[in-house]
Amino acid sequence: AMEDVSAKFVSQKISRTRWRPLPAAALQLPDVFATGSWDNEDNRISIWSASDLGNAGLNGEYHGEPHLLCDIQHNGDVMDMQFLDQERIVVASSTGTVTIFRHHQNNQTLSANYRWEKAHYHVGQDTSCGGAACTGVVCSNPEIVTVGEDGRINLFRADQKDAVRTIDNADSSTLHAVTFLRTTEILTVNSIGQLKIWDLRQQRNEPSQIFSLAGDRVPLHCVDRHPNQQHIVATGGQDGMLSIWDIRHGTMPVSLLNAHEAEMWEVHFHPSDPDHLFTCSEDGSLWHWDTSTNVSEKPSFLHQGGRSTAYLSHSAINQSVVSAWLSNDPTKDRMEITNLIPNQTLSVNSLDVLGSCLVYGTDAEAIYVNRQLFA
Amino acid sequence: DTVPPQVVPGADPSARQLCFAWGPAEVLVCETLFGRAGGSRSRCLSLSPSRSRGEGGAGAAARALTDSVAGTGEGTQSSSRVFVVRRDQDIYIQTLRKLFNESHGIFMGLQRSEEELTGKSRKAQLVQVSKNYRSVIRACMEDMHQAAVSTRDPVLQGQYSTQVSILSAMELIWNLCEILFVEAAAAGPLLLRLLDWVRLHVCDVDSMVREVLSSENPSKHKLFWNVVDVFVLQGRMDEARHLLSKEASANPTSMNMYKILDDLMKKMPVPSLGNTQTLTELELKWQHWHEECQRYLQDGTFASNPHMESICKILLGDEDAILEKKELMTTWYHFLVTRLLYSHPTVKPMELRFYAQSSMDLFLGGESSPEPLDMILMAAFEFEMHQVIKECSIVLSNWWFVAHLTDLLDHCKLLQSHNLYFGSNMREFLLLEYASGLFSHHSLWQLGVDYFDHCPEYGRVYLELHIERIPLSTEQKALKVLRICEQRQMHEQVRSICKIMAMKALRNNRLGSALSWSIRAKDAAFATLISDRFLKDYCERGCFSDLDLIDNLGPSMLLSDRLTFLGKYREFHRLYGEKRFPEAARLLLTLMTAHIAPCSFWMTLLTDALPLLEQKEVIFSAEQTYELMRCLEDLTAGNPDKQKFQDDDVETTKVEMLRLALARNLARVIVKEGTVEGS
């Protein structure tokens with residue numbers, strides 16, 4: 001319910017929010033998250049604690065707003081951000097620089113740990129070399145992949161000065177986001193509605209597969225892969241549409257789902273409960289997509305009063321694998337969609353889910369933490 | 001109006017001639033060499049930014065930001081400077097961004113709520129909105145206070161403290177406006193609301209109250225009677241009686257006297273919030289109680305205790321007795337409310353002005369003159385709403401307060417009659433000013449958009465002017481600006497943003513990106529320009545760049561003829577590459593005969609036909625070959641630059657080779673077709 005959400009106005013527009021990963025086999029709830037800001041004269045990377053331990057309730061539930069642990073200045077807009085491990089965060093900048101920041105938990109400070117200046121850059125007509133915004137970063141320790149407005153793909157290894165692999169002009173349009181498909185393969189989305197698979201072992205500077213939207217080439221802004229079934233991929237586009245792709249079949253999306261009224265900035269499968277998916281948008285909404293009622297007779301624990309709940313059927317092509325996302329059984333082909341922010345007006349630029357916790361940040365300079373997503 | 005002059009630090013009109021340029025959110029002042037002989041040297045530089053706007057100490061709008069633009073006048077010394085004078089300094093205070101963002105949400109909620117409800121529930125809704133605004137001010141005040149306490153920098157501390165007092169004054173004014181205008185409390189409840197207002201805002205005595213109450217034996221504390229008086233003056237009867245009971249139990253001899261006073265305080269009739277009693281009933285009860293107090297005072301019941309006697313006088317509304325406690329009230333408006341409580345508990349809204357004026361006069365007693373805050377509150381008590389807004393505009397250092405308050409009052413339908421001379425009404429004028437300020441901030445501009453949206457008269461024009469000045473540092477930001485424009489059908493701005501982005505991409509040799517920007521704007525001319533760049537690159541390098549884009553143009557190919565040609569021409573190459581020669585040949589020919597290809601490109605196309613003509617298989621039919629020949633002749637004959645062909649050896653050779661190849665192909669095809677037909 002809404003009262004489980006705590007908000008904090010932070011006097012900077014938030015472009016990214018990320019939970020710090022939990023140590024393996026940890027039983028506690030996620031607590032620490034990082035945020036990055038954009039469009040400020042002075043942009044910052046900040047580390048927050050979601051729980052206000054001083055105000056822990058009787059039953060151990062947490063109240064109060066997130067509080068700042070430490071922050072550090074960042075050059076340029078934070079375009080993307082991801083934790084490399086418990087202590088290090090990789091940050092993509094609008095200046096084209098990629099930086100690894102280290103969070104020193106003993107004395108609560110942040111420091112720049114490693115930096116690739118102008119990892120993304122333009123080679124202009126006047127042969128001058130200017131930085132190009134790095135739009136996306138994904139890491140799988142120790143490997144870091146970055147993409148940018150320059151259409152370049154970089155593969156870095158943490159603490160290694162030179163790029164392991166660079167594909168110049170990999171894409172003639174802007175690459176908006178990147179994610180790992182498998183250890184050596186990545187997925188990218190671009191501004192002409194294409195989803196591409198790249199095999200980084202191959203020396204060819206070309207994608208191994210190209211998928212694209214039919215009709216108008218609506219730009220794609222975000223991509224995420226199903227955590228267990230790697231062939232299922234979700235992307236979000238400029239028109240707010242959610243596309244589900246089965247990369248084993250065809251070159252077009254399996255289903256197109258009407259969602260937001262403006263750019264979908266992020267899409268995330270729930271990492272441990274992938275029947276749930278979360279999307280956020282420029283139109284100021286954040287949607288929770290729930291297909292869990294599909295496959296089994298699980299109780300619908302997400303149906304909460306007072307929210308707009310919609311049922312939507314999606315067109316699916318023949319699939320043999322039973323997955324809620326690719327299901328084509330018309331009688332069960334339903335998913336429950338809940339808008340988690342009823343009255344928001346400005347863009348929700350980023351969200352992250354871990355366990356039962358959701359964190360998101362907006363252009364209205366506020367961060368929100370919902371610690372009881374499935375309550 | 002007289003506006004205090006603003007001095008731009010560092011700009012010296014006695015040394016240099018100055019010139020000005022007015023922008024929507026800032027003024028540029030620069031030093032110039034022009035007209036030095038003029039008689040304006042002695043004039044003092046004074047700026048009064050943005051119409052009747054002045055400053056009340058705290059936030060001087062003048063802020064010199066940039067300097068050192070190199071002077072180019074030959075022979076003259078040093079550099080000249082450009083000063084940027086911004087109008088809304090408070091926009092730049094970090095902590096206030098919380099106020100701007102949070103109140104934006106409330107503002108939007110209020111615009112949406114429009115006309116849904118009527119009558120009482122509408123009023124309750126508006127009062128709630130007003131309370132929400134105030135709670136944001138208070139939250140901001142607390143943050144600012146926290147910041148002031150935690151900083152070690154004395155300058156910053158001073159700034160924060162100033163902001164705390166400004167915010168606190170804003171809340172005080174807003175609260176009074178809420179009672180008088182938004183809620184429009186009627187006689188009876190009006191007094192209760194005013195009492196709450198005084199209790200909430202007169203906090204100077206709070207520490208004294210705390211000190212006494214927390215002492216071991218309050219009744220022995222030297223400030224004991226002061227605290228009792230504070231409670232009585234604020235009408236906090238229960239607390240006063242509680243304290244008095246402690247004193248009573250310590251003085252059994254005067255127990256009776258305490259009992260009587262306690263009884264009087266207990267019996268004091270107060271207006272009720274519900275409709276349980278009529279005003280006449282209250283007045284009757286009150287009259288009765290008043291007479292009882294009078295009797296006790298006159299028969300000397302309290303004569304032995306001056307403290308209790310003075311309290312009884314206060315209960316009787318004795319002005320002198322109340323004024324004696326001036327230090328405990330600290331402000332004239334506290335005095336006013338106390339006076340009303342004990343003399344005119346059923347005061348009607350329209351009577352407030354008389355009591356307010358006389359209370360201020362009595363309280364200040366000619367010793368000090370009223371300050372701006374006093375004048376604003378006085379205007380409110382006089383129900384001069386426009387005066388309140390005007391005074392606030394002059395005194396406060398930001399537009400936030402007046403813009404939001406005026407908008408709320410306008411929603412209460414209180415400002416309709418008032419139109420300003422320049423056409424838009426006051427609400428809109430103030431919202432425009434506030435939103436313009438937001439737009440001058442490099443980060444808060446997004447909030448400004450929604451405010452402009454709710455200015456029916458000039459909002460659109462302002463938005464159009466401002467949105468074009470947003471620097472488009474990344475594509476992501478450009479997309480956000482673009483979305484704003486597209487949602488509002490601002491076609492001109494959409495085109496200009498896309499063009500800017502396309503130009504940027506072009507400069508960076510990102511032809512693919514450039515093309516997708518011009519496709520987004522449906523800018524055919526620019527798409528043509530980019531297509532030409534692609535074709536030029538092809539002619540120079542002999543291969544296409546950005547195949548991933550050109551192969552996937554889809555329906556956007558139809559945007560411009562040249563783009564169509566580019567897509568089709570690439571298709572020809574693909575077909576050729578896949579050795580689908582007849583299809584390739586047909587397409588190539590169509591590109592010319594259907595005039596899809598620009599004439600300048602025909603020679604290239606004909607040259608592309610050469611390898612097809614040289615294939616072992618005959619590909620072009622006789623008819624197609626004739627057509628190719630006609631194309632070649634059209635090109636050479638119809639070309640106005642005929643000279644060029646004759647001068648250019650390479651071109652001439654090409655034409656000759658083509659003619660030869662065409663002739664041979666024709667020969668082969670005649671033989672072949674003849675054979676086929678014959679057999």
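Biologist: What area is buried between domain 3 of chain B and domain 4 of chain B?

Modeller: About 580 Å². Carbon and sulfur atoms give 78% of that area. This is a predicted model, in which local features need pLDDT of at least 70, side-chain atom pairs count only at pLDDT 80 or more, and totals for chains, interfaces and linings use all residues. Residues are numbered from 1 along each chain as its sequence is written, chains are lettered from A and ligands numbered from 1 in the order in which they are written, and side-chain values use heavy atoms, with hydrogens and water left out.

Biologist: Why is that area called buried?

Modeller: Buried area is the accessible area (1.4 Å probe) that two parts lose on being put together, summed over both. Domain 3 and domain 4 of chain B bury about 580 Å² by that rule, so the value covers both sides.

Biologist: Where do the bounds of these domains come from?

Modeller: From an automatic or database domain assignment. That divides chain B into domain 1 (1-31 + 80-86), domain 2 (197-346), domain 3 (472-578) and domain 4 (599-678).

Biologist: What makes domain 3 and domain 4 of chain B count as in contact?

Modeller: Contact asks for heavy atoms within 4.5 Å. The C-alpha centres of the two domains lie 33 Å apart. Eight residues of domain 3 and seven residues of domain 4 of chain B take part in the contact.

Biologist: How many salt bridges and polar contacts join these two domains of chain B?

Modeller: A salt bridge puts a side-chain nitrogen of Lys or Arg within 4 Å of a carboxyl oxygen of Asp or Glu. A polar contact is a pair of N or O atoms within 3.5 Å; within protein, one must be able to donate a hydrogen and the other to accept it, and residues adjacent in sequence count only if both atoms are side-chain atoms. Between domain 3 and domain 4 of chain B, the salt bridge count is zero. One residue pair is in polar contact, both at pLDDT 80 or more. On the domain 3 side, α24 (524-541) and α26 (561-577) of chain B are the elements that give two or more residues. α26(B) gives the most, with five residues.

Biologist: What area do chain B and chain A bury between them?

Modeller: About 3,700 Å², with 43% of it on carbon and sulfur atoms. Lys480(B), Arg483(B) and Arg510(B) supply 17% of the area that chain B buries against chain A, more than any other three residues. The contact joins 41 residues of chain B to 49 residues of chain A.

Biologist: Why is the link between Lys480(B) and Asp363(A) called a salt bridge?

Modeller: Their side chains meet at 2.7 Å, N to O. The limit is the one already given for a lysine nitrogen and an aspartate oxygen, so the pair qualifies. Chain B and chain A have five salt bridges between them. They also have 30 residue pairs in polar contact, both at pLDDT 80 or more. Elements that each supply at least two residues on the chain B side include α1 (96-113), α21 (475-487) and α22 (491-507) of chain B. α1(B) gives the most, with seven residues.

Biologist: Which parts of chain A does the salt bridge of Arg18(A) and Asp80(A) tie together?

Modeller: The two side chains meet at 3.4 Å, N to O. Arg18(A) lies in β2 and Asp80(A) in β6 (residues 78-83) of chain A, so the salt bridge ties together parts 62 residues apart in sequence. Over all chains the count is 55 salt bridges.

Biologist: What makes a run of residues a strand, and what makes two strands a pair?

Modeller: Helices (H or I, at least four residues) and strands (E, at least two) are DSSP runs, numbered from the N terminus. Two strands pair if DSSP finds at least two bridges between them. β13 (residues 143-148) and β14 (residues 153-157) of chain A have five bridges, in the antiparallel sense, so they count as a pair. Val147(A) has Ile153(A) in β14(A) as its bridge partner.

Biologist: Which strands of chain A stand at the edges of the sheet β12-β13-β14-β15?

Modeller: That sheet of chain A is open, with four strands in antiparallel pairing. β12 (134-140) and β15 (165-167) of chain A are the edges; each has a single partner strand, so one side of each lacks a neighbour in the sheet. The twist averages 15° from one strand to the next. Axes are lines fitted to C-alpha atoms, for helices over the stretch in contact, and angles run from 0 to 180 degrees between N-to-C directions.

Biologist: What is the peptide bond from Asn141(A) to Pro142(A), cis or trans?

Modeller: Cis, with omega near 5°. Pro142(A) sits in the loop between β12 and β13 of chain A.
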